[in-house]
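Trainee: Could you take me through one part of this model up close? I'd like to see how a single contact fits into its surroundings.

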Protein chains: 2
Amino acid sequence: MANSSDIVWHDASVQRAAREERLGQRGVVIWFTGLSGCGKSTVANELDQLLNTLGCTTILLDGDNLRHGLCAPPDRLAKEHGEDFASRFGLGFAEMDREENIRRVGEVSSLFCTAGLITLTAFVSPYRRDRDRVRAVVESNGEKGDFIEVFMDTPLEVCEQRDPKGLYKKARSGEIKHFTGISDPYEPPESPELRLDGGRNATPMDLAEEVIASLRGRGVIRSTGGES
Amino acid sequence: MANSSDIVWHDASVQRAAREERLGQRGVVIWFTGLSGCGKSTVANELDQLLNTLGCTTILLDGDNLRHGLCAPPDRLAKEHGEDFASRFGLGFAEMDREENIRRVGEVSSLFCTAGLITLTAFVSPYRRDRDRVRAVVESNGEKGDFIEVFMDTPLEVCEQRDPKGLYKKARSGEIKHFTGISDPYEPPESPELRLDGGRNATPMDLAEEVIASLRGRGVIRSTGGES
């Protein structure tokens with residue numbers, strides 16, 4: 001197969017630029033981080049809907065779609081792949097497992113970003129080091145500005161009061177160990193691209209609109225947007 | 001955050017249909033399988049270029065972009081994550097590692113497919129069971145017809161003669177153990193959606209055009225295509 005011209009094929013940045021032109025957007029990773037119950041998933045979902053209304057091409061990565069597949073726990077993998085396989089590659093909530101979870105999500109986000117998609121992720125991702133590693137991966141596969149860290153800054157008291165999945169209750173009773181904010185640390189971003197105040201009376205739509213405004217400002221989406 | 005309406009947000013299939021309408025294509029996984037040196041990467045790259053010329057939105061997943069990130073080997077992970085982490089989650093070429101490699105690629109392909117992208121993958125993927133599992137994942141997250149298995153049917157003699165990376169030579173000398181086609185089996189697909197004859201005198205472009213014709217026939221791309 002001597003006719004192949006590898007030079008053209010592997011010039012991924014040319015292809016990315018052409019695709020972004022066609023899609024009318026820049027590929028980015030919008031990385032929501034914050035305590036359990038802070039509203040990051042809710043706002044990310046709202047934002048995803050809004051962006052789609054504006055004609056944007058997006059993907060939303062969160063526990064809902066990853067914990068069933070790419071980052072499945074051991075018991076989910078065991079049936080299909082056997083116990084040895086499941087205990088090695090399945091992800092629980094131990095420190096190493098959480099690190100690998102964020103690593104996998106980060107790598108996948110980076111792929112979506114280089115494909116030109118507006119990539120939304122919603123994970124607690126409590127450790128600064130893990131988030132900074134994702135930032136480094138995304139930027140090294142693309143360019144500076146591709147990683148937008150959004151800190152959902154909701155007071156612990158508010159999150160615990162909401163407790164949508166009853167997890168705080170279990171963490172307080174000791175039924176869940178290593179729970180972020182209770183028995184495990186949350187390291188807030190030092191200089192996130194965006195900080196959302198999840199404690200005040202803003203609706204998810206208000207907060208999603210705040211992100212949209214930031215995206216327009218950064219040239220990720222056109223400042224006079226799509227169909228709206 | 002009581003204003004959220006989860007029902008709308010999680011209706012992924014509605015969103016997927018709208019996006020596919022906008023992109024003018026159907027999300028699919030085009031899974032190239034075949035021996036090392038059979039030409040699958042070359043044809044997948046050619047196809048990727050062609051599809052982009054037609055205005056399609058694509059992603060190409062192959063060893064080049066995954067072995068450096070999501071499916072990195074232990075030595076690559078060790079520097080950043082330490083030895084214990086690397087030896088557990090890093091992927092070598094042992095049987096279990098290869099199974100996990102294909103599983104991760106399959107899960108990621110499925111995410112891209114549901115996002116509406118034409119997703120090209122180029123991996124030897126020698127085991128029928130592994131490929132069938134990917135098909136099941138892709139179809140269960142989407143629908144039947146989302147997985148298009150393309151068997152690059154190139155005789156072993158031709159692959160070995162090309163030997164672009166000198167791997168067959170090493171396999172024959174025993175330097176590489178467990179090499180597909182030499183010391184490890186390759187299980188050809190029993191009923192692939194498409195079979196490409198990599199042995200005859202066709203150029204990568206000819207073979208990519210064959211795939212394009214098949215995609216038009218399947219309604220993945222419009223039968224009168226894009227800018228060409």
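Mentor: Sure, let's start with one pair: A:Arg104 makes a salt bridge with B:Glu100, and their closest N and O atoms are 3.7 Å apart. By salt bridge I mean a side-chain nitrogen of Lys or Arg within 4 Å of a carboxyl oxygen of Asp or Glu. Side chains of opposite charge can pair when their charged atoms come close.

Some ground rules: this is a predicted model, where local features need pLDDT of at least 70 and side-chain atom pairs count only at pLDDT 80 or more, while totals for chains, interfaces and linings use all residues. Residues are numbered from 1 along each chain as its sequence is written, chains are lettered from A and ligands numbered from 1 in the order in which they are written, and side-chain values use heavy atoms, leaving out hydrogens and water.

Back to our pair. Between chain A and chain B there are six salt bridges, and a search of the whole structure turns up 34 over all chains. A:Arg104 sits in helix 7 of chain A and B:Glu100 in helix 7 of chain B, so this pair joins two chains. (Helices, H or I with at least four residues, and strands, E with at least two, are DSSP runs numbered from the N terminus.)

Now for the wider interface. Chain A and chain B share 27 residue pairs in polar contact, both at pLDDT 80 or more; that takes a pair of N or O atoms within 3.5 Å, one able to donate a hydrogen and the other to accept it within protein, with residues adjacent in sequence counting only if both atoms are side-chain atoms. Helix 7 (residues 95–114) of chain A gives the largest share of the side of chain A that touches chain B, 10 residues. By class, that side has 24 nonpolar, 19 polar and 16 charged residues. Here Ala, Val, Leu, Ile, Met, Phe, Trp, Tyr, Cys and Pro count as nonpolar, Asp, Glu, Lys and Arg as charged, and the others, Gly among them, as polar.

The contact (heavy atoms within 4.5 Å) takes 59 residues from chain A and 59 residues from chain B. Together the two chains bury about 5,200 Å², 60% of it on carbon and sulfur atoms; that's the accessible area (1.4 Å probe) lost on putting the two parts together, summed over both.

What lies behind the helix on the other side? Helix 7 (residues 95–114) of chain B lies across strand 1 (28–33), strand 2 and strand 3 (118–122) of chain B, running at about 150 degrees to strand 1 of chain B. Such angles run from 0 to 180 degrees between N-to-C directions, with axes fitted to C-alpha atoms, for helices over the stretch in contact. Those strands belong to an open, parallel sheet of five in chain B, ordered 2-3-1-4-5, where pairing needs at least two DSSP bridges between two strands. Strand 2 (58–62) and strand 5 (194–197) of chain B are at the edges with a single partner strand each, so one side of each has no neighbour in the sheet.
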